[in-house]
Amino acid sequence: MRCADQSRSQVLLAHREEFAGPIPTREECKQLVRDASGRSLSRAMLLGMEMHEEALRCAEAALTHLRPGGFSLEPCYRHDTNTGTTKVITEADIQALKQSGNGGELHGTLVPDVVIHAGHPGQAQAVYDFKFPCTNVDEAPPWRK
């Protein structure tokens, strides 16, 4: 939580000249902007991606010290509803699927931001997923469940 709060503050401060107030308004969040690659996206998406990247860096630095070997960042899981089992998909398998043009097979997988585990992502003890609403952080955002 500290990393998420800290990254939100850092990113908003870095962009403060783009807002009328200390945080963006709903209208400012909806404005189309360009990312470093030149892609057009909403300011909310751009800010969220930057906050996400910063929060992951922070979490990695803290957890490397606190739980070496006991956490994973953005591991990929596939849950089989027929058998009730969950399988970890390795980074090598993910890259192989993408390179072979079969990246669509990753549809339906789960990729939480941080997983605390007992030495392997398949032994999850706690799961965290960062969420960064663009405007009022005291209100539940209208994301789909």
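## Exercises on a helical core

In this predicted model, Ala59 touches Cys3, Val114 and Phe130, when residues up to four places away in sequence are not counted.

**Exercise 1.** Describe the largest nonpolar core, and state which elements supply its residues.

*Solution.* Step one is to take the size of the largest nonpolar core, which has 19 residues. Step two is to list the residues with the most contacts inside this core, namely Leu47, Met51, Ala59, Leu63, Val114, Phe130 and Phe132. Step three assigns the core to secondary structure: helix 1 (2–14), helix 3 (43–66) and strand 6 (114–117) each supply at least two of its residues, and the largest share, 7 residues, comes from helix 3. Apart from this core lies another one, of 5 residues, which includes Cys76, Ile89, Ile94 and Leu97.

**Exercise 2.** Compare the expected span of helix 3 with the distance between its end C-alpha atoms, then list its buried residues and what covers them.

*Solution.* Begin with the length: helix 3 has 24 residues, so at 1.5 Å a residue, taken over one less than the number of residues, it should span 34 Å, and the 34 Å between its end C-alpha atoms agrees with this. Next, the buried residues of helix 3 are Arg43, Leu46, Leu47, Gly48, Met51, His52, Ala55, Leu56, Cys58, Ala59, Ala62 and Leu63. In reading such a list, recall that an α-helix has 3.6 residues a turn, so residues three or four places apart point the same way. Finally, the cover over the buried residues of helix 3 includes helix 1, helix 2 (26–30), strand 1 (32–34), strand 2 (40–42), strand 3 (71–73) and strand 6.

**Exercise 3.** Ser7 and Asp5 both belong to helix 1; classify each as buried or exposed, and relate each to helix 3.

*Solution.* For Ser7, the relative accessibility is 1%, and because the limit for buried is under 20%, Ser7 counts as buried. The residues that Ser7 touches, again without those up to four places away in sequence, are Met51, Glu54, Ala55 and Phe132. For Asp5, the relative accessible area is 52%, and because exposed means over 50%, Asp5 is exposed. Even so, the C-alpha atoms of Asp5 and Ala55, which stand 50 residues apart along the chain, are separated by 8.3 Å.

**Exercise 4.** Where does Glu74 lie, and what is its phi?

*Solution.* First, Glu74 is placed in the loop between strand 3 and strand 4 (76–80). Second, the phi of Glu74 is near 50 degrees, which is a positive value in a residue other than glycine. Third, Glu74 has 38% relative accessibility and therefore counts as partly exposed.

**Exercise 5.** Summarise the protein as a whole, from its elements to its surface and charges.

*Solution.* Start with the elements: there are 4 helices and 7 strands, and from the N terminus on they run α-α-β-β-α-β-β-β-α-β-β. Then take the extent, since the C-alpha atoms fill a box of roughly 50 × 40 × 30 Å along the principal axes. Buried residues make up 34% of the 145 residues, and among contacts between residues at least 6 apart in sequence, 52% join residues at least 24 apart. The exposed area is about 9,900 Å², of which carbon and sulfur atoms supply 53%. Lastly, the mean positions of the 16 positive and 19 negative charges are 3 Å apart.

Notes:
Residues numbered from 1 in each chain as written. Predicted model: local features only at pLDDT ≥ 70, side-chain atom pairs only at ≥ 80, totals over all residues. Heavy atoms only, no water. Core = buried A, V, L, I, M, F, W, Y, C linked by side-chain atoms within 4.5 Å. Buried < 20%, exposed > 50% of the residue type's maximum accessible area, 1.4 Å probe, protein only. Contact = heavy atoms within 4.5 Å. Areas by Shrake-Rupley, 256 points an atom, 1.4 Å probe, with all protein chains shown as cover. Lys, Arg positive; Asp, Glu negative; His and termini not counted. Charge placed at Lys NZ, Arg CZ, Asp CG, Glu CD.
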